[in-house]
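Me: Please give me a close look at one small part of this model, then show me what lies around it. I am in my first year, so plain words would help.

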Amino acid sequence: MKKNFLIAMICFLGLYSCKEETFTFGNIDTPSTPQLQLDIKGKDATHPNGDGSGEVSLTVNADHAFTYRVDFADGSNPITSTTNSFQHAYKHVGVETFKVKVIAYGRAGVSSETTQEITVQRDFIPNPELVAMLTGGSSKTWALDSLAYGHLGVGPSDGMEPIWWAAPPLDKKGLGIYDDEYTFTASGSFTHKTNGSIFGNKDFLRDFDNTLTGGGDFTLLGPKAADYSEAFGYDGSETTEFIVFSKLGFVGNYMGSHRYQILKRTDTEMQLRTIGRDGLAWYVKLKAK
């Protein structure tokens with residue numbers, strides 16, 4: 001009897017252990033197309049692209065969705081979350097349009113997705129130290145550092161040094177460039193005192209006098225080379241700083257460009273780099289008056 005009972009139990013347990021378990025996901029419903037509510041901070045009738053902070057908020061709604069993956073399309077890593085609310089701060093400078101992509105995931109990994117364009121403005125806020133250095137806190141005048149080696153120079157556009165030519169001291173004496181004065185104010189105005197002469201490339205000096213013909217180095221004289229004033233601003237990132245002129249503004253020799261990267265700066269000296277309309281990198285050294 002004991003032997004038969006043990007045999008019966010062994011058979012019973014063997015049969016029970018071989019029984020398959022069945023798992024189910026329940027209904028596998030594909031999420032509906034995500035509906036996006038994108039809000040730009042500070043957006044109103046006067047500021048259609050926001051207040052310049054670059055900050056946006058996103059709310060996603062999709063039936064049968066459990067997880068959302070959001071790509072804000074600015075090179076940052078996509079965000080995956082079980083919540084449907086997201087905050088993001090763009091890092092570009094200026095006004096740019098992005099295609100925000102959202103994927104909604106349901107049971108068993110089924111998904112649906114959508115994209116929506118958003119145009120966002122982000123203003124560059126310059127380092128207060130830069131503003132104080134350039135403007136003296138109110139108004140400050142600069143001039144070409146004519147006695148410094150390399151006060152003018154040129155190199156390839158993909159380089160950061162004037163490896164092709166660096167002007168020795170007073171190399172352009174008598175050409176109407178060393179008496180120029182550049183005044184920057186904290187309120188954002190720029191005045192170029194030309195003393196009636198502007199030196200640069202003749203091809204680009206047509207911006208000041210459209211009757212010019214020919215090319216090469218040239219000194220523009222007379223009324224077309226008169227003093228002028230305009231607005232300027234700042235641009236850049238956490239690691240780069242630029243001075244940007246609104247119209248014709250420039251420093252040094254005129255190569256048709258109006259955006260200057262600051263390579264070095266102190267309260268009394270400044271080295272700038274700009275990409276001219278000839279596609280080359282031009283360099284200028286200034287000193288405070």
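Reply: Let's start at the beginning of helix α2, where a side-chain oxygen of Asn127 comes to within 2.8 Å of the backbone nitrogen of Glu129. This is a polar contact (a pair of N or O atoms within 3.5 Å; within protein, one must be able to donate a hydrogen and the other to accept it, and residues adjacent in sequence count only if both atoms are side-chain atoms).

The model is predicted: local features need pLDDT of at least 70 and side-chain atom pairs pLDDT 80 or more, while totals for chains, interfaces and linings use all residues. Numbering runs from 1 along each chain as its sequence is written, and side-chain values use heavy atoms, leaving out hydrogens and water.

Helix α2 covers residues 128-135, and its buried residues are Leu130, Met133, Leu134 and Thr135. Helices (H or I, at least four residues) and strands (E, at least two) are DSSP runs, numbered from the N terminus. Buried means under 20% relative accessible area, exposed over 50%, and partly exposed in between, with a 1.4 Å probe and protein chains only. After α2 comes Gly136, which has a positive phi, near 65°.

What do the buried residues of α2 pack against? Their partners are the strands β8 (139-144), β11 (181-185), β15 (228-236), β16 (241-245), β17 (259-265) and β18 (269-275). Met270 shows this from the other side: it touches Met133 and Leu134, and its further contacts include Trp142, Ile243, Ile262 and Leu286, not counting residues up to four places away in sequence. Contact here means heavy atoms within 4.5 Å.

Leu134 and Met270 also appear, with Phe184 and Leu286, as the residues with the most contacts inside the largest nonpolar core, which has 38 residues. Apart from it lies another core, of 19 residues, among them Val60, Ala62, Phe86 and Val100. A nonpolar core is a set of buried Ala, Val, Leu, Ile, Met, Phe, Trp, Tyr and Cys residues joined through side-chain atoms within 4.5 Å.

Phe184 leads us on to the aromatic rings, since this residue belongs to one aromatic cluster that also includes Tyr182, Phe190, Phe208 and Tyr228. Rings of Phe, Tyr and Trp (its six-membered ring) pair if their centres lie within 6.5 Å; planes under 30 degrees apart count as stacked, over 60 as edge-to-face and the rest as tilted. The structure holds 14 such pairs. Tyr182 and Phe190 make a stacked one, at 6.4 Å centre to centre with 10° between the planes, and both residues are buried. Phe208 and Tyr228 make a tilted pair, with 5.9 Å between centres and 55° between planes. Phe208 sits in the loop between β13 and β14 (217-221) and Tyr228 in strand β15, so this pair ties together parts that are 20 residues apart in sequence. Phe208 is buried at 11% relative accessible area, and Tyr228 counts as buried at 13%.

Tyr228 has another neighbour to meet: Thr194 is in contact with Tyr228, as well as with Asp179, Asp180, Ala225, Ala226 and Asp227, leaving aside neighbours within four places in sequence. Thr194 lies in the loop between β12 (189-193) and β13 (197-201). Is this loop residue buried or exposed? Thr194 is buried, with a relative accessible area of 0%. A polar atom of the Thr194 side chain lies 2.5 Å from the backbone oxygen of Ala225, and the backbone nitrogen of Gly196 is 3.1 Å from a polar atom of that side chain.
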